[in-house]
Amino acid sequence: MKKVIKSSEVELDKSVMSIQGNLKQGCFLEILERIKQQLDAMLSHHCKILVVRLDLHVECYRPDNEVMSKFIRKVRKKLCAYYDFNRLGFIWVREQEKAKQQHYHLAFFMDANKVRYPDKCISICERIAKGWELFIFTPKNCYYLINRGDSKVYQDAFYRLSYLSKERGKGCKAKAANDYSASRIKMRLN
């Protein structure tokens, strides 16, 4: 069972991080840990990263997450080929509240030395989604450029991504399906 944090802050790796949680709406600690882990891993490999936040809506309910797994594989293949990098971090969560079908919140983490602006990344995602009758929604201020050591922008991005960990909306799925998934990028060893 996942641990729920009902607070506006969480301590992760000896750092106190602000999150979008409160006493009424909790956040899953496991998802917060994965967000931080993947941000830190990407920053251990690159001096700056670009974080791009998107939403993906599906046409009809599916008990599994096969559509998201395929979408991530295709996006990874296209972005890595287009930008000539071999590392793409990501995290996605599945939610379903009042709608009959689920939707996904996701974020990509990329080498900002190769990806300067999110526009091309977003258009690649939109083309892939359109081919499968999925709809991409781009939230306002959907990207962050984090330089290694810039704790202010890092905290801002983490706070924004903490929305993905909210307790509300999770759980409407088949038993074998996951509420979330993330890349498995490892920290760079010196």
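Start with the whole chain in cartoon view: from the N terminus on, the elements run β-β-β-β-α-β-α-β-β-α-β-β-α-β. That makes four helices and ten strands, where helices (H or I, at least four residues) and strands (E, at least two) are DSSP runs, numbered from the N terminus. What you have open is a predicted model, in which local features need pLDDT of at least 70 and side-chain atom pairs count only at pLDDT 80 or more, while totals for chains, interfaces and linings use all residues. Residues are numbered from 1 along each chain as its sequence is written, and side-chain values use heavy atoms, with hydrogens and water left out.

**Stop 1: the whole protein**

Zoom out for a moment. The radius of gyration is 16 Å, close to the 16 Å that the globule rule gives for 190 residues, so the protein is as compact as a globular protein of that length. (That radius is taken over C-alpha atoms, and the rule is 2.2 Å times the number of residues to the power 0.38.) Along its principal axes, the C-alpha trace spans about 45 × 40 × 30 Å.

Now switch on the surface. Its accessible area comes to about 10400 Å², and 49% of that belongs to carbon and sulfur atoms; such areas come from the Shrake-Rupley method with a 1.4 Å probe, and for residues only the protein chains shown count as cover. Buried residues make up 51% of the 190 residues. Here buried means under 20% relative accessible area, exposed over 50%, and partly exposed in between (1.4 Å probe, protein chains only).

How far along the chain do contacts reach? Among contacts between residues at least 6 apart in sequence, 74% join residues at least 24 apart. Contact means heavy atoms within 4.5 Å.

**Stop 2: helices H1 and H4**

Select residues 29-45 (H1) and 151-161 (H4): their axes come within 10 Å and cross at roughly 145 degrees. The axes are lines fitted to C-alpha atoms, for helices over the stretch in contact, and angles run from 0 to 180 degrees between N-to-C directions. Which residues make the contact? Show the side chains of Leu 32, Ile 35, Lys 36, Leu 39, Asp 40 and Leu 43 on H1, plus Tyr 154, Phe 158 and Leu 161 on H4. By class, that gives seven nonpolar, no polar and two charged residues. For these classes, Ala, Val, Leu, Ile, Met, Phe, Trp, Tyr, Cys and Pro count as nonpolar, Asp, Glu, Lys and Arg as charged, and the others, Gly among them, as polar.

As you look along a helix, a bit of background helps: an α-helix has 3.6 residues a turn, so residues three or four places apart point the same way.

Stay on H4 and pick out its buried residues: Tyr 154, Gln 155, Ala 157, Phe 158, Arg 160 and Leu 161. Their packing partners include H1, strand E5 (48-57) and strand E7 (103-111).

Back on H1, click Ser 44. Ser 44 counts as buried, at 14% relative accessibility. Leaving aside neighbours within four places in sequence, Ser 44 is in contact with Arg 148, Lys 186, Met 187 and Arg 188. Try a distance too: Ser 44 and Leu 189 are 145 residues apart in sequence, yet 8.3 Å apart in space, C-alpha to C-alpha.

**Stop 3: two loop residues**

Go to Lys 14, in the loop between E2 and E3. Lys 14 has a positive phi of about 65 degrees although it is not a glycine. Is Lys 14 buried or exposed? At 81% relative accessibility, Lys 14 counts as exposed.

Next, jump to Asn 141, in the loop between strand E8 (135-137) and E9. Asn 141 is another residue other than glycine with a positive phi, near 50 degrees. Asn 141 counts as exposed, at 64% relative accessibility.

**Stop 4: helix H2 and strand E8**

Select helix H2 (residues 66-83) and find Val 67. Val 67 counts as buried, at 7% relative accessibility. Outside its neighbours within four places in sequence, Val 67 touches Val 58, Arg 62, Tyr 104, Trp 132 and Leu 134.

Glu 66 also lies in H2. Glu 66 is partly exposed, with a relative accessible area of 42%.

Finish on Ile 136, in strand E8. At 8% relative accessibility, Ile 136 counts as buried. Among its contacts beyond four places in sequence are Leu 54, Phe 71 and Cys 125. Last distance: Ile 136 and His 57 are 79 residues apart in sequence and 6.4 Å apart in space, C-alpha to C-alpha.
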